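Me: I'm new to this one. Can you walk me through it?

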Amino acid sequence: MLLISTLLALLPALALASPISSNSTSTSESRASGPCSCGYKLSKYNNVYFPNALTVSFDKVTSLSALQAAGFEINTGWGIGPEASDGGRAIGSTKNIGFSNGVMTLTVPGGQKKGGQITGAEINTAQSFGGGVFTMNAQLSAEKGTVQSIFSYSANSDVYGDEQDIELLASNLLEDNPTNGTPKGIELTNYDPKHTGNNDATIVPFPNDPTKSFNDYTIGWVKGGTTYYYNGKALNSPKKYSSVNPSLILLNNWSSGDETFSQGPPAKDSVLKVKSITFYYQARPLDKYPVVPNGCTQAQACVV
C-alpha cells in the first residue's frame, strides 16, 4: 500500500553528529569532525561503508524542539497515506507525539470516528539521503487498526512514488495461531522509482512478539539493492525496485479506517514507542558510491 505523505515543506536541518546540509537535495559530502571523521564501516551489515551518521536517543532528545534540532520535521496537519473509500483520511498532529521514560511515542488516539479526519503521528528527516542503513529501535502497539512504519520516500515531488517500506499492520501482528501465538506481519515493499505503480513485496513472520519488547527495524538501502533487517538479521526482502532518487526517511503511526489496509481507527490508544533512531548514510545517489570525504580512505573509517 503506497504511503504518500503530503508534507514536503522542510525545516532547515541543524547540526548532528555529522554535518547535515540545509538543502534537502544536496549532493555534498562534508568531512565530519571527531574520531569518525572518515566515516563508518558497518560490521553487522556486510561491512558496507557510509561517510555520515545520525543518531537520536530519546533518553536525551525529550521535546519537539529537540527533535527538530536533531534534524527532523514534524507533521502538523498534513495527510498521511491514501484516503479510505469512505472519505477517512489520516493526518498528523503534534499532540500525538510524546516523550517519556526514554522513548518517543507516536500515538493514534482511540475512539475516533470513521469517515473523516483521523489524527495520528509522523516525523520525517529534514535532509534527503541517497543511500544508507536506517534503523528504528521500537516496540509496537498491539492495538488493532493502525499502520506503524519506517520507510523512505522520494524528496522530489516530481518523481513521487519512489518508496521503500517497512509497514507493520496492527491487524496482522497478533493473528490467531493456536500453535504458539507467534505474531506475523513484517510487510516489506519496494515501489518502482519510475512511477509505473508497480511494486515488489514480501511478508515475513516475526520471530518474537514485537509488542512486548524493543526491536531493530532496518532499511539497508545499499549499492546493488535493498535488504531489510530485523534485529540485524536479513529478511526475505523484495528483489526489485530499489530506490534511486534522494529520499526522506519517515516514521509514523496512522489510520485512515480503510478496511482493506489500516482498518480501524483503533478503539483504544495505539502507541508506537521508539527508543532510538540510528542512520548511516550518504547524501549522493548510490551511483556515486562510495563517497569518501576528502583526505580520507575507507581504511580510516570507524568499524561499528
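Reply: Here is a short tour, starting with the overall picture.

Me: What is the secondary structure of the chain?
Reply: First, a caution: this is a predicted model. The secondary structure comes to 2 helices and 20 strands.

Me: How many of the residues count as buried?
Reply: The chain has 304 residues, and 55% of them count as buried. The accessible surface is about 12,500 Å². Carbon and sulfur atoms hold 49% of that surface.

Me: What share of the contacts comes from residues 24 or more positions apart?
Reply: That share is 71%, counted among contacts with a separation of 6 or more.

Me: What pLDDT does the chain average?
Reply: The average is 87, and 85% of the residues score at least 70. Over residues 1–27, though, the pLDDT is below 50. That stretch still has 82 contacts in the model beyond near neighbours in sequence.

Me: Where else does pLDDT stay under 50?
Reply: Residues 176–183 also stay under 50. For them the model has 9 contacts beyond four places in sequence.

Me: Now the strands. Is S13 buried or exposed?
Reply: Buried. Strand S13 covers residues 186–191, and 6 of its 6 residues are buried, so the strand is largely enclosed by the rest of the structure.

Me: Which residues sit on each face of S13?
Reply: Ile 186, Leu 188 and Asn 190 are on one side. Glu 187, Thr 189 and Tyr 191 are on the other. Both faces are covered.

Me: Which strands are joined to S13 by bridges?
Reply: Strand S12, residues 163–169, is joined to S13 by 5 bridges, and the two run antiparallel. In that pairing, Asp 165 stands opposite Thr 189. Strand S14, residues 199–204, is joined to S13 by 6 bridges, again antiparallel. There, Glu 187 of S13 stands opposite Ile 203.

Me: Changing topic. How many disulfides does the structure hold?
Reply: The structure holds 2 disulfides. One is formed by Cys 36 and Cys 302, with sulfur atoms 2.1 Å apart. Cys 36 lies in the segment before strand S1 (40–42), and Cys 302 is in strand S20 (residues 302–303). The two cysteines are 266 residues apart, so this pair links distant parts of the chain.

Me: Is that disulfide left-handed or right-handed?
Reply: The torsion about the S-S bond of Cys 36 and Cys 302 is about -105 degrees, so the disulfide is left-handed. Cys 36 and Cys 302 are both buried.

Me: And what does Cys 38 join to?
Reply: Cys 38 is joined to Cys 296, with an S to S distance of 2.1 Å. This link is left-handed too, with -75 degrees about the S-S bond. Cys 38 lies in the segment before S1 and Cys 296 in the loop between S19 and S20, so the pair ties together parts 258 residues apart in sequence.

Me: Are Cys 38 and Cys 296 buried or exposed?
Reply: Cys 38 counts as buried at 5% relative accessibility. Cys 296 counts as buried at 13%.

Me: What is the pairing, in sequence order?
Reply: With the bonded cysteines numbered in sequence order, the pairing is 1-4, 2-3.

Me: How many salt bridges does a search find?
Reply: A search of the whole structure finds 3 salt bridges. Lys 114 meets Asp 86 in one, at 3.9 Å from N to O. Lys 114 is in the loop between strand S8 (103–108) and strand S9 (117–125), while Asp 86 is in the loop between S5 and strand S6 (89–92). They are 28 residues apart.

Me: What else does Lys 114 form a salt bridge with?
Reply: Glu 259, with the closest N and O atoms 3.1 Å apart. Glu 259 sits in the loop between strand S18 (247–254) and strand S19 (270–282), 145 residues from Lys 114. Glu 259 is exposed, with a relative accessible area of 53%. Asp 86, Lys 114 and Glu 259 are joined into one network by salt bridges that share partners.

Me: How exposed are Lys 114 and Asp 86?
Reply: Lys 114 is partly exposed, at 42% relative accessible area. Asp 86 is partly exposed as well, at 36%.

Me: Which residue does Asp 209 form a salt bridge with?
Reply: Lys 212, with the closest N and O atoms 4.0 Å apart. Lys 212 counts as exposed, at 67% relative accessibility.

Note on methods. Residues numbered from 1 in each chain as written. Predicted model: local features only at pLDDT ≥ 70, side-chain atom pairs only at ≥ 80, totals over all residues. Heavy atoms only, no water. Buried < 20%, exposed > 50% of the residue type's maximum accessible area, 1.4 Å probe, protein only. Helix = DSSP H or I, 4+ residues; strand = E, 2+ residues; numbered from the N terminus. Pairing = 2+ DSSP bridges. pLDDT = per-residue confidence, 0-100. Contact = heavy atoms within 4.5 Å. Areas by Shrake-Rupley, 256 points an atom, 1.4 Å probe, with all protein chains shown as cover. Salt bridge = Lys/Arg side-chain N within 4 Å of Asp/Glu carboxyl O. Disulfide = S-S within 2.5 Å.
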